[in-house]
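Colleague: I am new to this structure, and I would like to learn how its features are read. Could you take me through them one at a time?

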Amino acid sequence: VDPFVRKYLKLGARFYPYAQADVALGWANTRAADGSRDDNFAWGVNLTPGMQFMLSHSVALDIQVGRIGYNDFGDNNNNFEVGFDFDNINLGVLFFL
């Protein structure tokens with residue numbers, strides 16, 4: 001589960017840079033061959049910059065580059081990341097109804 005909120009800034013008629021904040025939550029149950037079980041809970045908080053370009057009234061291109069965030073995957077497996085490079089790019093197409 002990864003709910004998020006975005007704050008848009010309008011620059012021109014079609015260009016919308018934004019900041020996105022999200023809280024990621026995840027649960028997993030695993031069972032080993034010997035029958036033992038392991039329950040895990042993971043969570044994270046991230047801030048991601050992005051841009052949206054409107055191709056038409058109902059279609060937009062979306063790009064996110066980099067992030068600032070903390071993620072905890074349990075079992076002392078966590079990370080804090082600050083990066084605004086091309087190692088972490090998300091591209092998307094949005095359709096508005």
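Modeller: What follows goes through strands, burial, contacts, salt bridges and a surface patch in turn.

Modeller: This is a predicted model, in which local features need pLDDT of at least 70 and side-chain atom pairs count only at pLDDT 80 or more, whereas totals for chains, interfaces and linings use all residues. Residues are numbered from 1 along each chain as its sequence is written, and side-chain values use heavy atoms, with hydrogens and water left out.

Colleague: Which strands does strand 3 join by bridges, and how do they run?

Modeller: Strands, like helices, are DSSP runs numbered from the N terminus (a strand is E, at least two residues; a helix is H or I, at least four), and two strands pair if DSSP finds at least two bridges between them. Here strand 2 and strand 3 run antiparallel and are joined by 17 bridges, with Thr30 standing opposite Asp38 in strand 3. Strand 3 is also joined by five bridges to strand 5 (residues 67–72), again antiparallel, and in that pairing Asn46 stands opposite Gly69. With strand 4 (residues 59–65), strand 3 shares five bridges in an antiparallel arrangement, where Met54 stands opposite Ala60.

Colleague: How many residues lie between the strands in the hairpin of strand 2 and strand 3, and how many join strand 3 to strand 4?

Modeller: The hairpin of strand 2 and strand 3 has five residues between the strands, and Gly35 takes a positive phi near 95° there. The hairpin from strand 3 to strand 4 passes through four residues.

Colleague: Is Gln52 buried or exposed, and what does its side chain contact?

Modeller: Burial is read from relative accessible area, taken with a 1.4 Å probe and protein chains only: buried means under 20%, exposed over 50%, and partly exposed in between. Gln52, which is in strand 3, counts as buried because its relative accessibility is 4%. A contact means heavy atoms within 4.5 Å, and, not counting residues up to four places away in sequence, Gln52 touches a set of residues including Arg6, Tyr18, Asp62 and Phe96. A polar contact is a narrower idea, namely a pair of N or O atoms within 3.5 Å, where within protein one must be able to donate a hydrogen and the other to accept it, and residues adjacent in sequence count only if both atoms are side-chain atoms. The side chains of Gln52 and Asp62 make such a contact at 3.4 Å.

Colleague: Where does Asp62 lie, and which other side chains does it meet in polar contacts?

Modeller: Asp62 lies in strand 4, and it counts as buried because its relative accessible area is 9%. Its side chain makes a polar contact of 2.9 Å with the side chain of Tyr18, and another of 3.4 Å with that of Arg6. Leaving aside neighbours within four places in sequence, the contacts of Asp62 also include Met51, Asn90 and Leu94.

Colleague: How many salt bridges are found in the whole structure, and which residues form them?

Modeller: Side chains of opposite charge can pair when their charged atoms come close. The criterion used is a side-chain nitrogen of Lys or Arg within 4 Å of a carboxyl oxygen of Asp or Glu, and a search of the whole structure finds three such bridges. Asp62 forms one with Arg6, their closest N and O atoms being 3.4 Å apart. That pair links distant parts of the chain, with Asp62 in strand 4 and Arg6 in strand 1 (residues 4–8), 56 residues apart.

Modeller: Arg67 and Glu81 meet in another salt bridge, at 2.9 Å from N to O. This pair also links distant parts of the chain, Arg67 being in strand 5 and Glu81 in strand 6 (residues 78–83), 14 residues apart. Arg67 is buried at 11% relative accessibility, and Glu81 is partly exposed at 28%. Arg37 forms a salt bridge with Asp39, with 3.7 Å between the closest N and O atoms; Arg37 counts as exposed at 52%, and Asp39 is exposed at 53%.

Colleague: Which residues form the nonpolar patch on the surface, and which strands supply at least two of them each?

Modeller: Patches are made of residues with over 30% relative accessible area and no salt bridge, like charges being joined within 9 Å and nonpolar side chains (Val, Leu, Ile, Met, Phe, Trp, Tyr) within 5 Å. Here the patch is formed by Val1, Val23, Leu25, Trp27, Phe41, Trp43 and Val45, which together have about 670 Å² of accessible area, an area that comes from the Shrake-Rupley method with a 1.4 Å probe, where for residues only the protein chains shown count as cover. Strand 2 (15–31) and strand 3 (37–54) each supply at least two of the patch residues. Val23, for instance, is in strand 2 and counts as partly exposed because its relative accessibility is 38%.
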